[in-house]
Amino acid sequence: MDSCRHCCTKIDGLTVHLGGNIVLDKVDLHVNCGEVVGVVGPNGAGKTTLLRALLGEIPYRGKISFQVSGAVSIRPKIGYVPQKLQFDIGSPISVQDLVVSAISCRPVWAGVSRELSKKAKDILSVFSAETLLNRRIGELSGGELQRVLLAVAMTSNPELLLLDEPASGVDVKGLSLFYQIVRGLKQRHDISVVLVTHDLAGIATYVDRMILLNRSVVAQGKPEEVLLNEKLVMAFGPSLWNISCLPLLLSEGEDKIDNH
Amino acid sequence: MRNALLAVILVTPLFALLGTMVVNKRMVFFTDVLGHSALTGIAIGVLLGFSDPTLPMIILAVALAVSINLLKNVTRADMDTILGVLFAFIVALGIVILSRQGGFVKYTSYLIGDILAVTPKQTGWFFLIAAVVLVYWYVLGNAMILACVNPSLARSRKVNTFLIETGFAILLAVVVTVSIRLVGILIIGSLLVLPAAASRNFARNIHAYTMWAMAISIFSGVAGLIASYYWGTASGATIVLIAAGCYVVSALFAAQK
C-alpha cells in the first residue's frame, strides 16, 4: 500500500453489507493527490458499491478520510461524475442551467444574469464545452455530457473526484479528450481521482495506478503490470474486458516495460 | 366573479411552477393519487363531523405524499404499481363511505369544482400558500434541478434530496387539495400537467420553461373563467380545455421545427 505523500484520500477497512451479503470486504485504498486510480473488476465485484460508500449513500464500516501533511481531516470533499442522468431527456434543462445551479443560489428559473452566464461559459471553456452553453443537456452526445458533468463536479473544488464509468456511451475521440482533460485537472488541481471503468484501453493509457477489485482489493499496481498478471486474467476471465483488445494491451504493456 | 378572478390569478402560476417539476420528475400519476385522495379526505371529515372537510383532506393528502416519498426512498419497489394500487384503494374507500344510504350526490360538486363559489377567506389562504411556494422555489430551485438531473450528483454537493423531495410533495399535496373546490377532483391533475407540457414544446432552458408555463397557465385560467361565465359551463373544465388547446398549438409548433 502506498503511503500518503503530502495529501491523500485514505480508505481503511471499508466493509459493506447489503441484504446479508458482504459486497465489500476490508477494502484498503490510499489515493494520493495528483493521482488517477482506475478501479476495474468483474460484474458484482463491488465497484458501484465502492462509489456509493464514498459518496456516503450507503452504510459502511471502516474509515474514509482526507489527510493533509499527516493530519487526518474529515471526509474528503467529493466531486462526482455520474454514469448516466436520471431525467427525462426532453426536459428543457440547458447546460447553462446545470452549471449555474451548481455555482449560484440565485434560482435559474428566475433568469440567469449576464455575469453568471459568463462565469458558466468560462468554467465550461476549461473542459472544451463552452459552445454547449445553450444546448439542452438531453441533446448532448455522451462525450459532451461527460465533459459538462466534469465541469459541474469541479465547481465544488473537490479533493476527491469520482468518475463512474466515463467510457459508457462515449466514442473513442470523445473519450480520449475526456481522459486528457482529467489528466490536466489532476496536474493543475492536485486532486485524487478514482475512476471506475470497464474501459481497459483508457485505463492502460491514462491512469497512474490500477486496482483490481473483487469484493476486496485483489491486486494493484501500474496498469501494464496488472494487465500482464496472468493469474488475474485467468481469474477474471472475459467478463472483465473485451477480450479482443487484450493482445494489444499486453503488447503495449510489454513495450512500456522494455522501455523501462 | 372578482374573487374567482383573483383566485385564478393566484392559483394558476402556482400550478405552473409545481407542474414544471411534476412533468420533469414524471410525477403525474402521483399527483392524481393526491387529487383523488380528496374523496377519502372528505369522507373522513364527514365521519368525524367536520362542517368543512378541507382540513382532513389536507392532512390525508400530506400524509400520503410523505409516505409515498418515504417508500420511494427506502425501497426499490415498483412505484407505478404501488401508486396504481393506492389510487384504486383511496378512491374506492372514499366512494364507499360517501355513498352510504345513497348520499354521494351531495358531494359531486367536489368532482367538477366551482370557482365562482370561492370566498375572500379562501382567496386569503391562496395568497399565503402562493407566498410559501414562491419562497420555497426561490430558495431551493437550483437544488431541485440538481436533484432532478441526478440525485447522487446533488447529494455529492450536500443537497438533502430526501428533504427537498418531501417538501415538494407536501407543497403539491396542499396546493392540489385546497384547489379542488375550484377545479374539481377529476381534472386537477390536468391543470398541473398541461401548462408545463405545452411549455416544454417552446422552451430550451428552465427560465423559458417556467415563464411559458406560467403564461399559459394564467392565460388558460383567465380565458377559461371568462368563457365559462358566458357559456354557463363548469369553470375548471373550461380552463382545462383551453390549456389543452394551448398544448395542441405548442405541439404543432414543435412539430414544425
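**Close-up 1. The bend in helix H6 of chain B.** In this predicted model, H6(B) bends by about 65° at B:Leu140. Just past that point comes a run of buried residues, including B:Gly141, B:Asn142, B:Ala143, B:Met144 and B:Ile145. Earlier in the helix, B:Phe126, B:Val133 and B:Trp137 are also on the buried list. What sits over these buried residues? The cover includes H1, H7, H8 (161-183) and H10 of chain B, and H2 of chain A joins in too.

**Close-up 2. Where chain B touches chain A.** Here chain B puts in 26 residues and chain A puts in 30. On the chain B side, the elements giving two or more residues are helices H6 (120-149), H7 (151-156) and H10 (206-231). Which of them gives the largest share? That's H6(B), with 8 residues. Sort the chain B side by class and you get 12 nonpolar, 9 polar and 5 charged residues.

**Close-up 3. Helix H1 of chain B, end to end.** This helix takes in residues 2-24 of chain B. With 23 residues at 1.5 Å a residue, H1(B) should span 33 Å, and its end C-alpha atoms lie 34 Å apart, so the two figures agree. There's still a kink to look for: about 25°, centred on B:Leu18. Is H1(B) largely enclosed or largely open? Largely enclosed by the rest of the structure, because 17 of its 23 residues are buried. Just after the helix, have a look at B:Arg26, which takes a positive phi of about 50°.

**Close-up 4. Two helices crossing in chain A.** Helix H2 (residues 95-103) and helix H3 (residues 114-125) of chain A pack with their axes 9 Å apart, at an angle of about 100°. That angle makes H2(A) roughly perpendicular to H3(A). From H2(A) come A:Gln96, A:Val99, A:Val100 and A:Ile103. They meet a group from H3(A) that includes A:Leu116, A:Ser117, A:Lys119 and A:Ala120, along with A:Ile123 and A:Leu124. By class, this contact has 7 nonpolar residues, 2 polar and 1 charged.

**Close-up 5. Stepping back to chain A.** Chain A is built with 9 helices and 10 strands. How much of chain A counts as buried? The share is 43% of its 260 residues. Now take the contacts in chain A with a separation of 6 or more: 69% of them join residues 24 or more positions apart.

Notes: Residues numbered from 1 in each chain as written. Chains lettered and ligands numbered in written order. Predicted model: local features only at pLDDT ≥ 70, side-chain atom pairs only at ≥ 80, totals over all residues. Helix = DSSP H or I, 4+ residues; strand = E, 2+ residues; numbered from the N terminus. Expected span 1.5 Å × (residues − 1). Bend = angle between axes of the 7 residues up to and from the residue. Buried ≥ 20, exposed ≤ 12 C-beta atoms within 10 Å, placed from the backbone. Contact = placed C-beta atoms within 7 Å. Nonpolar A, V, L, I, M, F, W, Y, C, P; charged D, E, K, R; others polar. Axes fitted to C-alpha atoms, helices over the stretch in contact; angles between N-to-C directions. Parallel < 35°, antiparallel > 145°, perpendicular 65-115°, else oblique.
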